[in-house]
Amino acid sequence: MNFPFIREAISNVFSKPSTRNFPAENVEAKPNYRGRITYDAEKCVNCGNCVKVCAPSAITRKYEDVEGGQRITYTFDLTSCTFCGTCQDFCDEGAIVLSPDYHMVAERASDLVVSGTRFAAKKGKLVNSDACVFCTLCAKVCPQEAITVDRKEKLWSVDYDKCVQCGKCIAKCPKKSLSFEEA
Amino acid sequence: MFKKMIAKSTAKSPWIYHINTGSCNGCDIELVAVLTPRYDAERFGFKLAGTPRHADIVVVSGPITSQSKERLLRTLEQVPEPKCVVTIGSCPQSGNVFKGSYSVEAPLEQYVHVDVAIAGCTPKPEAVIEGLYKAAEILGKKREAMNQ
């Protein structure tokens, strides 16, 4: 007589169940889990990279003119999001972070929207000075492709309609040649 | 007396029916994972029903393709009242990355009222359990309102 599974059967009687006692005990998501988006409006420079890279176009940007500048609102629609994390990767300022919070259950779709508003003071136009060496770094870093540089002809120009005044070109300029004109 | 008994027993066994309307299978797998011993939604009485006529909660996944739309609506009509419609993932809510496609008729909200939306792509099984539990609560309220 041979009972091959009797040891296992007896040990199973005394072991804990494999079922997770979920609603009673909260389960944390694993590290780097991409859950609910958190958006820090104060860190945002309004470069618009996240809007550009979002595959399901879940991110929208809204401008509102107020005295002395404008209010910029970013809205992240979680019912539309793929949680790919590309917006987080492209955000140089670290304003967008996908938190490990996965409890995203709602009766209304409006509860699954994350948004943040920031007041942006009016800045002067972007101007270049004589220190410019036409290295094209500003054109490469511009998220809106507003700057065009011709190295041969030594021409530098900016499309003010496209410029969102994020200041990335100013930070990148090795000669500190760029600045916002004082209004 | 029987009504009371029926009400008491149905409250603790909300049966679910799952419709895939062109989903990538990610959400479907997570819903099935919820019924496995690891997460065990049957603790709360959830059970997969074989036909929509037996179901209380309808779980919809996928971005509702043109081919599946008619069938989806026909299936939803067969579910007896009171029913609860739950969407899993981003697709039935908005169309996700497929929105704007010629063959996707995404927001489910424009055809039927969605009671609970579970966000995520795909949601974690724990989130699915949470959503189903919420749906069962809503179902109970609907049934109460119907019986009065």
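In this predicted model, Pro63(B) sits in the loop that links strand S3 (57–61) to helix H3 (66–78) of chain B. Loop or not, Pro63(B) counts as buried, because it has 27 C-beta neighbours inside 10 Å and 20 are enough for that label. Which residues does Pro63(B) touch, once its neighbours within four places in sequence are left aside? The contacts are Gly22(B), Cys91(B), Pro92(B), Gly95(B), Asn96(B), Phe98(B), Val104(B) and Ala106(B). Asn25(B) is 38 residues from Pro63(B) along the chain, and the C-alpha atoms of these two are separated by 11 Å.

Stepping back to the whole of chain B, its secondary structure comes to five helices and five strands. These follow one another along the sequence as α-β-α-β-β-α-β-α-β-α. A compact globule of 148 residues would have a radius of gyration near 15 Å, and chain B agrees with that because its own value is 15 Å. Taken along the principal axes, the C-alpha atoms fill a box of roughly 55 × 35 × 20 Å. Buried residues account for 45% of chain B. As for contacts between residues at least 6 apart in sequence, 82% of those in chain B join residues at least 24 apart.

Helix H5 of chain B runs over residues 125–147. With 23 residues at 1.5 Å each, helix H5 should span 33 Å, and the C-alpha atoms at its two ends are indeed 33 Å apart. Several residues of H5(B) are buried: Pro125(B), Glu126(B), Ala127(B), Val128(B), Ile129(B), Glu130(B), Gly131(B), Leu132(B), Ala135(B) and Ala136(B). What covers these buried residues? The cover includes elements of chain B, namely strand S1 (15–20), helix H2 (26–34), S3, strand S4 (84–88) and strand S5 (116–118). Chain A also takes part, through its strand S5 (105–106).

That brings in the contact between the chains, which takes 26 residues from chain B and 24 residues from chain A. On the chain B side, the elements that give two or more residues are helix H4 (91–94), S5 and H5. H5(B) supplies the largest share, seven residues. Sorted by character, the chain B side that touches chain A holds 12 nonpolar, six polar and eight charged residues. The two chains also share strand pairing: S5(A) and S5(B) run antiparallel and are joined by two bridges. One partnership in this pairing puts Ala106(A) together with Ala117(B) in S5(B). S5(A) thus turns up in two roles, as a partner of S5(B) and as part of the cover over the buried residues of H5(B).

Chain A has five helices and 10 strands. Is chain A compact or spread out? Its radius of gyration is 26 Å, well over the 16 Å that the globule rule gives for 183 residues, so chain A is more spread out than a compact globule. Along the principal axes, the C-alpha trace of chain A spans about 95 × 40 × 25 Å. Of its 183 residues, 23% count as buried. Among the contacts in chain A with a separation of 6 or more, 72% come from residues 24 or more positions apart.

Within chain A, three strands make an open sheet in the order S2-S3-S6, with antiparallel pairing. Strand S2 (59–66) and strand S6 (113–121) stand at the edges with a single partner strand each, so one side of each is left without a neighbour in the sheet. Ignoring direction, neighbouring strands of this sheet are turned by 20° against each other on average. Strand S3, residues 69–77 of chain A, pairs with S6(A) over nine bridges in the antiparallel sense. In this part of the sheet, Ile72(A) stands opposite Arg118(A) in S6(A).

Further along chain A comes a hairpin. Strand S8 (residues 147–150) and strand S9 (residues 155–158) of chain A run antiparallel and are joined by four bridges. Thr148(A) has Ser157(A) of S9(A) opposite it. Four residues lie between S8(A) and S9(A) in this hairpin, and one in the turn, Lys154(A), has a positive phi of about 55°.

Note on methods: Residues numbered from 1 in each chain as written. Chains lettered and ligands numbered in written order. Predicted model: local features only at pLDDT ≥ 70, side-chain atom pairs only at ≥ 80, totals over all residues. Pairing = 2+ DSSP bridges. Buried ≥ 20, exposed ≤ 12 C-beta atoms within 10 Å, placed from the backbone. Contact = placed C-beta atoms within 7 Å. Expected span 1.5 Å × (residues − 1). Rg over C-alpha atoms; globule rule 2.2 N^0.38 Å. Nonpolar A, V, L, I, M, F, W, Y, C, P; charged D, E, K, R; others polar. Axes fitted to C-alpha atoms, helices over the stretch in contact; angles between N-to-C directions.
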